[in-house]
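Here are some short exercises to work through with the model open beside you. Try each task on your own before reading its solution.

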Amino acid sequence: MILSRAPVRISMGGGGTDLPSYYEKHEGFLLAASINKYVHIMLNKRFEESIRLSYSKTEIVNNIKEIEHRIFRESLRYADIKKQVEIVSIADVPSNCGLGTSSTFTVALLSALFAYRRNHKTLTELAECACHIEINLLKEPIGKQDQYAAAFGGFNAYTFHKDGNVTVEPVRISEGSMMELQSNIFLFYLNKNRSASAILKVQNKNTKANNSDTVNRLHKIKEIGLHTRKIFEKNKIDEFGELLHEHWIIKKGLSDKISDAYIDEAYETARKNGAVGGKVIGAGGGGFLLLYCPKEKSKLVSAMKKIGLKPSWFAFDHEGVKNGFYN
């Protein structure tokens, strides 16, 4: 039996510039930190010849092409596993929540499949295989940050070069500042998920068409990401809150689906009760609201609970994807 797990991530600046429609012309940059919420995969050789998959539903099929779950189907095909296997998927957070769960699932699944085939992959190769399945085969309008964050883990700066290569560099932040940052960041689930594809399709279309407003907003978001890295490496943690707020204002202009009256009300409630800044993680439209609150933390939590939002506690994760083997 093979157990594989990969962490989800929170994007800390520069999100959206990891899409090919942007980085192939302008080069992308973002910061992402993995957290201790995971997608878990359990893989075992099956006695029967069929394939059994268990996620939110269960599938038992005799042929890969019969599999309904697209990522399962294409990953099994890519790894050349055609029969006699059963795989169970469990996640610590809901799907479509903005934490990169789909790509994290793909990375964890591929890691287990490659281990099953005794086909060793580097972390970069694993991330690129996941990108290939999601972006090239399944034609998802997404970027590369989630796959790389799930594979590498930790708190990293990612540069997306015009040729598609990705440079991964650890953010040089002191241990004390990292602990302070973690204590000041809050995640509140907005009690609704959303389709990232629907939002990112608009961004992709506008970027490919060289829409000046969209491209200029992405330029500014990249600049915020670069500046965020500098303040972290200078241990000026409290400047992060204002940068988050600036980022959120710019990001909302990319699509009218990124925010709505409910999200705006939640964000303003947070700002009035101790949060310096924040944003909806991922493409927007739902999922998790990230907030930076250096003071009056209990005031913030109480105010958010009054509008039906409870904090989801987390810690930063310093490991990426990993496998365990059991006889």
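**Exercise 1. Find how much space lies in the second largest pocket, and work out what lines it.**

Solution. Keep in mind that this is a predicted model.

- Step 1: Start with the volume, which is about 290 Å³ for the second largest pocket.
- Step 2: Collect the lining, which comes to 17 residues. Pro20, Tyr23, Glu24, Ile135 and Asn136 are the ones nearest the centre.
- Step 3: Assign the lining to elements. At least two residues each come from helix 1 (20–26), helix 4 (123–137) and helix 7. Helix 4 gives the most, with five residues.
- Step 4: Sort the lining by class: six residues are nonpolar, five are polar and six are charged.

**Exercise 2. Describe the largest pocket in the same way, from volume to lining.**

Solution.

- Step 1: The largest pocket holds about 1,000 Å³ of space.
- Step 2: Its lining is made of 49 residues, and Asn96, Gly100, Thr101, Ser102 and Ser103 sit nearest the centre.
- Step 3: Several elements give two or more residues to this lining, including strand 1 (2–13), helix 3 (101–116) and helix 9 (239–252). Helix 7 (196–208) is also one of them, and it provides the largest share, five residues.
- Step 4: By class, the lining of the largest pocket has 20 nonpolar, 20 polar and nine charged residues.

**Exercise 3. Decide whether strand 10 is enclosed or open, and identify its partner strands.**

Solution.

- Step 1: Check burial along residues 288–292. Five of the five residues are buried, so strand 10 is largely enclosed by the rest of the structure.
- Step 2: Look at the side-chain directions. Phe288, Leu290 and Tyr292 point one way, while Leu289 and Leu291 point the other way, and all are buried.
- Step 3: Find the partners. Strand 8 (residues 185–189) pairs with strand 10 in the antiparallel sense over five bridges, and isoleucine 185 is opposite tyrosine 292.
- Step 4: Strand 9 (residues 277–280) also runs antiparallel to strand 10, paired over four bridges. Here glycine 278 faces leucine 291.

**Exercise 4. Count the disulfides, then account for cysteine 97 and cysteine 129.**

Solution.

- Step 1: Apply the cut-off, a pair of cysteine sulfur atoms within 2.5 Å. The count is zero disulfides.
- Step 2: Take cysteine 97, which is in no disulfide: the nearest cysteine sulfur belongs to cysteine 131 and is 18 Å away. With 0% relative accessibility, cysteine 97 counts as buried.
- Step 3: Turn to cysteine 129. Its closest cysteine sulfur, in cysteine 131, is 9.3 Å away, and that is too far for a bond. Cysteine 129 counts as buried too, at 7% relative accessibility.

**Exercise 5. Place arginine 229 in its element, and find what it is in contact with beyond its sequence neighbours.**

Solution.

- Step 1: Arginine 229 belongs to helix 8 (residues 212–233).
- Step 2: Compare its relative accessible area, 15%, with the cut-off for buried, under 20%. Arginine 229 is therefore buried.
- Step 3: Set aside neighbours within four places in sequence. Arginine 229 is then in contact with Phe29, Leu31, Ala157, Glu169, Pro170 and Arg172.
- Step 4: Pick out alanine 157 from that list. Arginine 229 and alanine 157 are 72 residues apart in sequence, yet their C-alpha atoms are 7.6 Å apart in space.

Methods
Residues are numbered from 1 along each chain as its sequence is written. This is a predicted model: local features need pLDDT of at least 70, side-chain atom pairs count only at pLDDT 80 or more; totals for chains, interfaces and linings use all residues. Side-chain values use heavy atoms; hydrogens and water are left out. On a 1 Å grid over the protein atoms alone, a cavity is a set of points where a 1.4 Å probe fits but cannot get out, and a pocket is an open set with protein on both sides within 12 Å along at least five of seven lines; lining residues have an atom within 4 Å of a point. Grid points are joined across faces, edges and corners, and a volume is the space filled by probe spheres set on the points. Ala, Val, Leu, Ile, Met, Phe, Trp, Tyr, Cys and Pro count as nonpolar, Asp, Glu, Lys and Arg as charged, and the others, Gly among them, as polar. Buried means under 20% relative accessible area, exposed over 50%, partly exposed in between (1.4 Å probe, protein chains only). Two strands pair if DSSP finds at least two bridges between them. Contact means heavy atoms within 4.5 Å.
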